Amino acid sequence: MGRTEGDSWDISENVGTTALATAMVRAAETTRDDRLTADPFAQHFLNAAVARGWKNPYATEAWNRNEYDDPAVARFRQASTDWAACRTRFIDDFLTVGGERQVVILAAGLDARAWRLTWPHATVVYELDQPGVLEFKDDTMRAHDAEPAIARRAVPIDLRRDWPAALTAAGFDPGEPTAWVAEGLLPYLPPAAQDLLFERIHQFSAARSRLVVDAYTPEFYANTAETFRRMNETTREDVYSGEELFFAGERADVVEWLADRGWSTRAAVAVDVMAQFGRPAPDDVPAGSLSSTFVTALR
Ligand code: SAM
């Protein structure tokens, strides 16, 4: 089943499971001696989803040891996991240096930054995602008596709908500089909804607002489905597949889009960031699989 215009999901259904996939990366990262980030909540989310009946595709022995008959699979799995861990750390650093008192995390999923990062006094973090995803997150945090480090406001809404109205109703002040985060979101929006998302961010950004977003090349979009199909066939695992979840079609270039509207932008090439964080990507991962940039922008 492909994507449809008004589709919605729970944590263990289609796009919702991608929030569990990134939680899986952070749970694994947290156990490493050389970890780039520590997220003590990530494993709780995975456990809670399994308790609700989610079949965890990452629970195999081969996955955990990253030992596959075909060494190309192991290299790809390691590289894509490292890529996601580096993205999380890159965005942690972006938020830590900013000092904005207003933070909006679009497509927050199971992002626990409101709980796990150190924030300036009186920061408010707004989290937007589908109602079913945020409900699951809230239930799990409550079950662990986990309190956010600062004020955190959940804004349950589909990002193809009028989310600025919901955000403003939750207390967001468009007159204040905002740090915007859109991590792991763009491929799940149709190209026109991506444009509208940036249009709205632009419209609701006071001077000195900043944005961080991961953006992907046409090569990534063209090849991802095939890469995952091949990996899943080889391993007989049923892990995340971009094929069913991404929206197709030509997209605006994020850096150009923002620069045209006066934002100062910087695109950090993902594989360069990985090398800087001590997780260099092998040369022979499938074409396009890491072809992305971590874009930062200042209004
Ligand atoms: N940002 C989180 C992270 O990095 O852990 C989650 C990333 S996960 C790959 C993608 C998230 O985008 C999911 O939580 C999903 O529910 C959310 N998402 C995708 N399309 C959305 C939409 N149209 N409206 C609201 N949330 C959406």
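Which side chain has an N or O atom 2.8 Å from an oxygen atom of the ligand? The side chain of Trp9 does, and the views below start from this contact. The model is predicted, so that local features need pLDDT of at least 70 and side-chain atom pairs count only at pLDDT 80 or more, while totals for chains, interfaces and linings use all residues. Residues are numbered from 1 along each chain as its sequence is written, and side-chain values use heavy atoms, with hydrogens and water left out.

**View 1. Polar contacts of the ligand (pairs of N or O atoms within 3.5 Å).** Besides the Trp9 contact at 2.8 Å, a polar side-chain atom of Asp158 lies 3.0 Å from a nitrogen atom of the ligand, and a backbone N or O atom of Leu159 is 2.8 Å from a ligand nitrogen atom. On its own the ligand has 590 Å² of accessible area (Shrake-Rupley method, 1.4 Å probe), and the protein covers 99% of that 590 Å².

**View 2. The shell of residues around the ligand (a heavy atom within 4 Å).** Of its 22 residues, Trp9, Ala107, Asp129, Leu159 and Glu183 come nearest to the ligand. By class, the shell has 11 nonpolar, five polar and six charged residues, where Asp, Glu, Lys and Arg count as charged and Gly is among the polar residues. Helix H1 (residues 16–30) gives the most to the shell, with four residues; helices are DSSP runs of H or I with at least four residues.

**View 3. Arg26 in helix H1.** Arg26 is buried, at a relative accessible area of 6%, where buried means under 20%, exposed over 50% and partly exposed in between (1.4 Å probe, protein chains only). Not counting residues up to four places away in sequence, Arg26 touches (heavy atoms within 4.5 Å) Asp39, Ala42, Thr88, Leu110 and Asp111.

**View 4. The largest nonpolar core.** Such a core is a set of buried Ala, Val, Leu, Ile, Met, Phe, Trp, Tyr and Cys residues joined through side-chain atoms within 4.5 Å. Of the 65 residues in this one, Trp83, Leu95 and Leu110 touch the most other members, and helix H4 (residues 71–98) gives the most to the core, with 12 residues. A second, separate core of 31 residues includes Val104, Leu185, Leu186 and Ala215.

**View 5. Gln43 in helix H2 (residues 42–51).** Gln43 counts as partly exposed, at 39% relative accessibility. The C-alpha atoms of Gln43 and Thr265 are separated by 34 Å, with the two residues 222 apart along the chain.

How values were computed
Helices (H or I, at least four residues) and strands (E, at least two) are DSSP runs, numbered from the N terminus. A polar contact is a pair of N or O atoms within 3.5 Å; within protein, one must be able to donate a hydrogen and the other to accept it, and residues adjacent in sequence count only if both atoms are side-chain atoms.
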